[in-house]
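Please open the structure in a viewer and keep the sequence panel visible beside it. The tour below proceeds by selection, each stop giving what to pick and what is found there.

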Amino acid sequence: MLIPIIIIVSLPQLLVNWALSGFDDLISRNEHAAEMESYYYEVLDEQQEGVEPDITRLICIQAVQKQQQVEAINESDVEYMIDISYSVDEDGEVYNKTPDEIMDEMGFDDEQKNWANLMYNVFTGQKVTPDNEFIDEDRLENYDGVTLDGLTYFNQLDERWANEKYGKTDTIGVTGCGPTALAIAISNLTGDETDPTEVAEWSYDNGYVCEGSGSYISLIPNAAEHFGLSVEKLGKSSAEELKQHLEDGKMIIAIMGAGHFTNTGHFIVLRGVTDKGRILVADPVSYNRSTQEWDVSTILKEAKNAGSGGPLWSLSLPEPEPEPEE
């Protein structure tokens, strides 16, 4: 990922002044950034169950705190960021803090928060624009009644909700792939139709909208549980595990990186597997891609590194509680 280095090509020089840095300096900083990123995951592995910060978010916050002096970030800084990213209540329950809570605790002003959010948006942006190459040229205005092999399908560009607000600055049509993917999974697994507007409203009310970008990664497991589903966090997973979950009738939400589905970040649903082991998807912005069969290696290769147990989350109905013994 190497966020602190790569970001310099995307942000104005107001925040960083590396333009005069020599090539050797950039290489050195890049190597240090890689070491610190790896250490983030080492520290996270040592935490108690339930501690699931968005590592990308923490790195962006820390980069702003250090004014892009990546070489100044050390292991103690990484440990500090993980430590303040969560709290534990008196019952031992872990609460993962929101980005604003973390930045408030660190004393960030509004300008620093804006920089941290801008950096994060560059790497996790889920925006769809009218000229986006991943939109179907022959898309419908209304997908009411359109199904995928008998399954409910929603498209975020559907006129019924495309212009509905998602957060303060965007709409479901522009950044609502997360709520739309969840609506597809929730509706099909529970049998109760839950459209993208319902999920988007819950997401906004509960702080999962990343203004100007889309949804925080943690929306997926938390919203799925709120709407009555069980969630298994698969991480990167393996081809065999992914196929087994689909064969068991579960649905998997994936956050995809650059490739066949997006240039930045995009949530899709993995809805099934064929007899030949190819993956069936439900893409919230493309019905055409949703009718294609995909090689599992493509899905795993393009799935984006993510926190909150991602980039793959397996969703299913909860196991029924055993009847009490008489």
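Select G228 in this predicted model; this glycine is found in the loop between α10 and β9. With a relative accessible area of 34%, G228 is partly exposed. Add L315 to the selection: the C-alpha atoms of G228 and L315 are 9.9 Å apart in space, although their positions lie 87 residues apart in sequence.

From G228, step back to the helix that precedes the loop. Helix α10 covers residues 219–226 and lies across β9, β10 (251–256), β11 and β14 (312–316). Relative to β9, the helix runs at about 160 degrees.

**The six-stranded sheet**

Now display the strands beneath the helix. They belong to an open sheet of six strands with antiparallel pairing, in the order β9-β14-β10-β11-β12-β13. Which strands stand at the edges? They are β9 (230–235) and β13 (293–294); each has a single partner strand, so one side of each is left without a neighbour in the sheet.

Next, colour β11, residues 266–273. Eight of its eight residues are buried, so β11 is largely enclosed by the rest of the structure. On one side, β11 pairs with β10 in the antiparallel sense over five bridges. Its pairing with β12 (residues 279–282) is likewise antiparallel, over four bridges.

Show the side chain of L270. This residue of β11 is the bridge partner of I252, and it also stands opposite V281 in β12. Two positions further along, select G272, which stands opposite L280 in β12. Then follow the chain from β11 into β12: the hairpin has five residues between the strands, and G277 takes a positive phi near 80 degrees there.

**The nonpolar cores**

Hide the backbone and turn to the interior. The largest nonpolar core has 65 residues, and L182, I253 and F267 are those with the most contacts inside it. Which helix gives the most to this core? Helix α8, residues 177–190, does so with eight residues. Centre the view on L182: leaving out residues up to four places away in sequence, L182 touches V199, L219, I220, A223, A224 and I253. A second, separate core of 19 residues can be picked out through M256, F261, I279 and V296, which are among its members.

**Cysteines**

Select the cysteines. How many disulfides does the structure hold? The number is zero. For C60, the closest cysteine sulfur is that of C210, and the 9.6 Å between the two sulfurs is too far for a bond. C60 counts as buried at 0% relative accessibility, and C177 is also buried, with a relative accessible area of 0%.

**Helix α4 and S85**

Move to helix α4, residues 75–84. At its start, a side-chain oxygen of N74 reaches to within 3.0 Å of the backbone nitrogen of S76. Within the helix, D77, V78, M81, I82 and I84 are buried.

Just after α4, select S85, in the loop that leads to β1 (86–88). Is S85 buried or exposed? It counts as buried, because its relative accessibility is 2%. The side chain of S85 reaches the backbone oxygen of I82 at 2.7 Å. Beyond its neighbours within four places in sequence, S85 is in contact with P53, L58, Y95, N96, K97 and I102.

**Backbone geometry in the loops**

Three loop positions complete the selections. Pick G310 and P311 and inspect the peptide bond from G310 to P311: it is cis, with omega near 15 degrees. P311 is placed in the loop between α13 (296–302) and β14.

D149, in the loop between β3 (147–148) and β4 (151–152), has a positive phi of about 50 degrees although it is not a glycine. D149 is exposed, with a relative accessible area of 66%.

S237 lies in the loop between β9 and α11 (239–247). Its phi is near 65 degrees, a positive value in a residue other than glycine. At 24% relative accessibility, S237 counts as partly exposed.

**The whole chain**

Finally, zoom out. The protein has 13 helices and 14 strands, and 52% of its 326 residues count as buried. Among contacts with a separation of 6 or more, 65% join residues 24 or more positions apart.

Methods: Residues are numbered from 1 along each chain as its sequence is written. This is a predicted model: local features need pLDDT of at least 70, side-chain atom pairs count only at pLDDT 80 or more; totals for chains, interfaces and linings use all residues. Side-chain values use heavy atoms; hydrogens and water are left out. Buried means under 20% relative accessible area, exposed over 50%, partly exposed in between (1.4 Å probe, protein chains only). A polar contact is a pair of N or O atoms within 3.5 Å; within protein, one must be able to donate a hydrogen and the other to accept it, and residues adjacent in sequence count only if both atoms are side-chain atoms. Contact means heavy atoms within 4.5 Å. A nonpolar core is a set of buried Ala, Val, Leu, Ile, Met, Phe, Trp, Tyr and Cys residues joined through side-chain atoms within 4.5 Å. A disulfide is a pair of cysteine sulfur atoms within 2.5 Å. Two strands pair if DSSP finds at least two bridges between them. Axes are lines fitted to C-alpha atoms, for helices over the stretch in contact, and angles run from 0 to 180 degrees between N-to-C directions.
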